[in-house]
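Me: I have a model open and would like to go through some of the wording used for it. Could you take my questions one by one?

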Amino acid sequence: MTRKSVGVLTIGQSPREDVTPSIRAILGDSIDIKEAGGLDRLDENEIKTIHPDDQEITYISKLRNGRSVKIGKSKLLPLLQDELTKLEEKVSAVIMLCTGDFPTIQSKKPLIYPDKILNHTVQAILNKGKLGVIVPLEEQRNTLTKKWENPNLELFVEVASPYEESDVKGAAQKLKAQGAELIVLDCMGYSETHKKDAMEGSNLPVLLPRTLTARIAAEYVQ
């Protein structure tokens with residue numbers, strides 16, 4: 001029997017050993033994981049050219065050397081498309097390792113978007129109420145607030161980066177104080193430790209996109 005495989009496409013550089021172990025634990029040993037990154041072929045000087053311009057949608061991810069990097073969406077898209085085209089030739093489905101929205105990306109294989117999974121999961125759990133969202137960067141606050149706009153939800157946003165020393169627990173406490181009933185950690189960089197901190201800080205249910213997405217991928221490929 002041919003072993004099944006899942007692609008993991010990061011917007012930064014692969015491998016993402018800070019994330020893939022969480023996914024591997026859910027998919028199991030019978031499924032291979034093949035990784036690629038939008039910035040894989042860029043050197044240090046070229047990486048400087050993908051920093052976001054003013055008013056551009058900003059993402060954050062990790063490089064192979066462990067540093068985090070801010071990425072402008074318009075510069076990322078063609079790089080991401082090239083890596084996806086190569087990756088999907090080797091796998092049966094691909095997990096996008098970002099909670100952003102990439103509607104112009106074309107794929108031949110199923111491309112699993114954490115953004116869509118999170119959105120529909122929140123709708124299923126909290127049809128009406130108060131939603132708390134923790135995001136990595138202050139400059140993402142307005143963009144991600146618009147992303148989560150819903151006439152049935154009152155939204156509260158706090159900032160705490162998964163890639164630097166930050167107070168996820170404190171951010172969750174603030175969301176709880178504002179009346180949030182459910183918290184979303186809106187970045188694939190957040191780990192199980194961050195989820196634990198958020199739960200301890202708020203005593204609320206917390207959605208972690210890396211594990212939630214991995215469970216959906218497992219349903220498809222297992």
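Me: What makes Thr 20, Ser 22, Ile 23 and Leu 27 of H1 count as buried?

Reply: Happy to start there, with the reminder that this is a predicted model. Buried means under 20% relative accessible area. In H1, Thr 20, Ser 22, Ile 23 and Leu 27 are buried, so each of them falls under that 20% cut-off.

Me: How do you know on which side of H1 they lie?

Reply: The directions from the helix axis to their C-beta atoms are what counts. These residues cover an arc of only 155 degrees around the axis, so they sit on the same side of H1. As general background, an α-helix has 3.6 residues a turn, so residues three or four places apart point the same way.

Me: What do the buried residues of H1 pack against?

Reply: Their partners are S1, S2 and S5, together with helix H7 (192-202) and helix H8 (209-221). H1 itself, residues 20-27, lies across S1, S2 and S5 and runs at about 155 degrees to S2. Just after H1 comes Gly 28, with a positive phi of about 90 degrees.

Me: Why is S5 called largely enclosed?

Reply: Five of the five residues of S5 are buried, so the rest of the structure largely encloses this strand. Both faces are covered: Ala 93, Ile 95 and Leu 97 are buried on one side, and Val 94 and Met 96 on the other. That fits the general pattern, as side chains in a regular strand alternate between the two faces of the sheet.

Me: How do you know that S1 and S5 pair?

Reply: Pairing requires at least two bridges between the strands. S1 (residues 4-10) and S5 (residues 93-97) are joined by five bridges and run parallel, so they meet the requirement of at least two. Along this pair, Val 6 stands opposite Ala 93, and Thr 10 has Leu 97 as its bridge partner.

Me: And what makes S5 and S6 a pair?

Reply: Two bridges join them, again in parallel, so the threshold of at least two is met. Val 94 has Leu 111 in S6 as its bridge partner.

Me: Why are S2 and S6 called edge strands?

Reply: The open sheet has four strands in the order S2-S1-S5-S6, with parallel pairing. Strand S2 (31-37) and strand S6 (111-112) each pair on one side only.

Key. Residues are numbered from 1 along each chain as its sequence is written. This is a predicted model: local features need pLDDT of at least 70, side-chain atom pairs count only at pLDDT 80 or more; totals for chains, interfaces and linings use all residues. Side-chain values use heavy atoms; hydrogens and water are left out. Contact means heavy atoms within 4.5 Å. Axes are lines fitted to C-alpha atoms, for helices over the stretch in contact, and angles run from 0 to 180 degrees between N-to-C directions. Buried means under 20% relative accessible area, exposed over 50%, partly exposed in between (1.4 Å probe, protein chains only).
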